[in-house]
Amino acid sequence: MIDPQEPLSDEQIEEMLAPLRAVKLPDHAHAVNMAAVRRALSLRARPVWWQRTVAVPVPLAIAAIVLLACTTVALLRPLGNPPRPGADGARPTQADGIAIGRATNAGGELAADASWSMSRSYIGSLVNAHAFEITDSKEKRDAL
Amino acid sequence: MALDEEFIASLKRREDDAYELLVRRFETPLYKYFFGSHGDPQLAGEQTADCFSELVKSLPKMAGGANQLRPFVFAVAKNIMRRQWRLQTRGFTPLDCADDVVDHCPGPESVAEAAEESARLIAAIRSLDPATRDVFLLRFVDELPIAEIAEALGEPIGTVKSRLHRGRQRLQEILQTKSGLP
């Protein structure tokens with residue numbers, strides 16, 4: 001019996017809480033707890049999305065790689081191939097450079113080094129891979 | 001496997017055997033803590049399972065050694081209990097519900113008066129504020145030392161002792177009120 005005049009002691013509280021200390025776990029609780037743990041462990045074992053791998057058939061993977069390579073080449077090719085002056089795709093020559101220079105210099109005399117300076121600027125726009133046939137500019141000037 | 005540093009290392013490596021031992025070691029104390037807080041056995045079972053799910057996620061991040069394990073487990077339990085109380089309407093558990101505690105607790109029928117007093121005290125503890133209630137349950141039901149209670153609740157030891165002292169006075173008042181004594 002609790003004495004109302006005396007404060008509750010630890011022993012009294014422990015004695016009165018004995019029923020709560022004696023509470024037993026329900027029979028199914030252990031299985032439920034283990035299932036929760038296994039579920040949590042399996043979730044933690046799953047990698048994040050950028051770490052996951054997917055299964056792709058080999059022919060499909062090869063086809064995708066080939067397609068990607070072709071697309072990449074097709075996209076990069078125009079950047080490396082500037083438009084050429086000859087419709088037949090022939091290698092640019094000194095004559096082409098002279099022709100361009102003449103076309104852009106409509107008003108004045110064809111100066112001795114004008115064609116060469118025009119050709120030089122034209123050369124500057126070409127990709128290194130393309131050869132440039134340099135012919136004797138003097139012979140050409142004489143022929144003109 | 002003993003509850004030592006190797007056990008903690010196994011838990012951090014997420015080994016199944018270690019977690020099975022963890023469940024066996026803590027499922028009953030956790031269930032008692034949750035059941036003591038609200039008296040609902042089904043909810044207490046669900047909260048115990050939730051607590052172990054949270055422990056799987058958070059144990060790898062636990063700092064400290066084996067002596068930190070029990071406070072860490074009850075700290076997770078406390079957070080789950082707080083979440084539950086935020087969802088529920090806070091209120092005093094009427095003494096009528098205290099009968100549920102007696103029904104689940106084994107006790108000799110010949111000590112009906114003692115059982116009635118227990119029921120009243122348990123109901124009174126449930127009417128305390130959550131922080132003080134946690135201190136009483138961890139101290140007198142799960143029998144944790146004061147230092148571990150302070151660690152689990154994230155409070156200084158002095159605060160825990162002060163809550164025990166004030167809680168004891170509050171319980172005295174409640175029990176006197178219920179018994180009709182001045």
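**Helix contacts and salt bridges in chains A and B**

Reader: Which residues of helix 7 of chain B meet which residues of helix 8 of chain B?

Author: In this predicted model, Ala131(B), Asp134(B), Val135(B), Leu138(B) and Arg139(B) of helix 7 of chain B meet Ile146(B), Ile149(B) and Leu153(B) of helix 8 of chain B. Sorted by class, this contact has six nonpolar and two charged residues, with no polar ones.

Reader: What makes helix 7 of chain B and helix 8 of chain B oblique to each other?

Author: The axes of helix 7, residues 130-140, and helix 8, residues 146-153, both of chain B, cross at roughly 140 degrees. An angle has to be over 145 degrees to count as roughly antiparallel, and one from 65 to 115 degrees would count as roughly perpendicular. The angle of roughly 140 degrees falls in neither range, and the two helices are therefore called oblique. Their axes come within 10 Å, and the crossing is right-handed.

Reader: How do you know that Asp10(A) and Arg139(B) form a salt bridge?

Author: The closest N and O atoms of Asp10(A) and Arg139(B) are 3.6 Å apart. The cut-off asks for a side-chain nitrogen of Lys or Arg within 4 Å of a carboxyl oxygen of Asp or Glu, so the pair qualifies. Arg139(B) is also one of the residues through which helix 7 of chain B meets helix 8 of chain B.

Reader: How many salt bridges are there between chain B and chain A, and how many over all chains?

Author: The count between chain B and chain A is two, while the structure holds 10 over all chains. Between these two chains, 40 residues of chain B are in contact with 33 residues of chain A, and about 3400 Å² is buried, 69% of it on carbon and sulfur atoms.

Reader: Why is the pair Glu20(B) and Arg24(B) called a salt bridge, and where do these residues lie?

Author: The N to O distance between their side chains is 3.6 Å, and because the limit is 4 Å, Glu20(B) and Arg24(B) meet it. Both residues lie in helix 2 of chain B, residues 16-38, four residues apart, about one turn of the helix.

Reader: What angle do helix 2 and helix 4 of chain B make, and which residues take part?

Author: The axes of helix 2 and helix 4 (residues 69-87) of chain B come within 11 Å and cross at roughly 35 degrees, and this crossing is right-handed. Among the residues in contact are Phe26(B), Tyr33(B) and Phe34(B) of helix 2 of chain B and Val73(B), Phe74(B) and Trp85(B) of helix 4 of chain B. By class, the contact has 13 nonpolar, two polar and three charged residues.

How values were computed:
Residues are numbered from 1 along each chain as its sequence is written. Chains are lettered from A and ligands numbered from 1 in the order in which they are written. This is a predicted model: local features need pLDDT of at least 70, side-chain atom pairs count only at pLDDT 80 or more; totals for chains, interfaces and linings use all residues. Side-chain values use heavy atoms; hydrogens and water are left out. Axes are lines fitted to C-alpha atoms, for helices over the stretch in contact, and angles run from 0 to 180 degrees between N-to-C directions. Angles under 35 degrees count as roughly parallel, over 145 as roughly antiparallel, 65 to 115 as roughly perpendicular and the rest as oblique. A crossing is left-handed if the near helix is turned anticlockwise from the far one by less than a right angle, and right-handed if clockwise. Contact means heavy atoms within 4.5 Å. Ala, Val, Leu, Ile, Met, Phe, Trp, Tyr, Cys and Pro count as nonpolar, Asp, Glu, Lys and Arg as charged, and the others, Gly among them, as polar. Buried area is the accessible area (1.4 Å probe) that two parts lose on being put together, summed over both.
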